[in-house]
Amino acid sequence: MTEYEKDITSRTYFHYLKGLIARWKQHFKYDRAVRIARKRGATVGENVVMPLSLAKAANSNLKIGDHVSIQTDKIDLRNPVTIGNHVIIGSETEIITTSHNIDSEEWEHKHYGLTIEDYVWIPTRVMILPSCRKIEMGG
């Protein structure tokens, strides 16, 4: 028997309940964030993990598929952002969807959208600039 197996079999019912309560707490926290995002107009699929701060900033420009984990709130939602299924976005990642027209004297805004397809992993501390309009499947 391995050390891990010994550790698992030696756990008491109290330790099991203690771990279960911690997991329920996290589940309700993420479920609340999804409800808030939906209430603010975002389209959010099933089994989505997102920070409460992103949910409070969400609007109808945000569309998220199923089984998605987002660990950042630095997503510019002035333009449409579509996130597919089974996507992971790491912490401190920034997604910017608006820029300026550098050839204009008034520097008017240039609006871009972003589509992130299924099975994409965006690691920690990545900056996605406005000219990136699509991250393809498995990227």
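This section describes two open sheets and the surroundings of one buried threonine in a predicted model.

One open sheet comprises 5 strands in the order 1-3-5-10-13, and its strands pair in parallel. Its edges are formed by strand 1 (43–44) and strand 13 (134–135); each has a single partner strand, so one side of each is left without a neighbour in the sheet. At the strand 13 edge, the partner is strand 10 (residues 114–116), which runs parallel to strand 13 and is joined to it by 2 bridges. Within this pairing, Ile 116 stands opposite Ile 135 of strand 13.

A further open sheet contains 4 strands, ordered 2-4-6-11, again with parallel pairing. Here strand 2 (48–49) and strand 11 (121–122) occupy the edges, and because each has a single partner strand, one side of each lacks a neighbour in the sheet. Strand 6 and strand 11 run parallel and are connected by 2 bridges. Ile 89 is positioned opposite Ile 122 in strand 11.

The loop between strand 6 (88–89) and strand 7 (94–95) contains Thr 93. With a relative accessible area of 0%, Thr 93 falls under the 20% limit and is therefore classed as buried. The side chain of Thr 93 lies 2.9 Å from the backbone oxygen of Pro 123. When neighbours within four places in sequence are left aside, the contacts of Thr 93 are Thr 72 and Lys 74, together with Ile 122, Pro 123, Thr 124, Arg 125 and Val 126. Ile 122, one of these contacts, is also the residue of strand 11 that stands opposite Ile 89.

Terms used:
Residues numbered from 1 in each chain as written. Predicted model: local features only at pLDDT ≥ 70, side-chain atom pairs only at ≥ 80, totals over all residues. Heavy atoms only, no water. Pairing = 2+ DSSP bridges. Buried < 20%, exposed > 50% of the residue type's maximum accessible area, 1.4 Å probe, protein only. Polar contact = N/O pair within 3.5 Å; in protein donor to acceptor, adjacent residues only side chain to side chain. Contact = heavy atoms within 4.5 Å.
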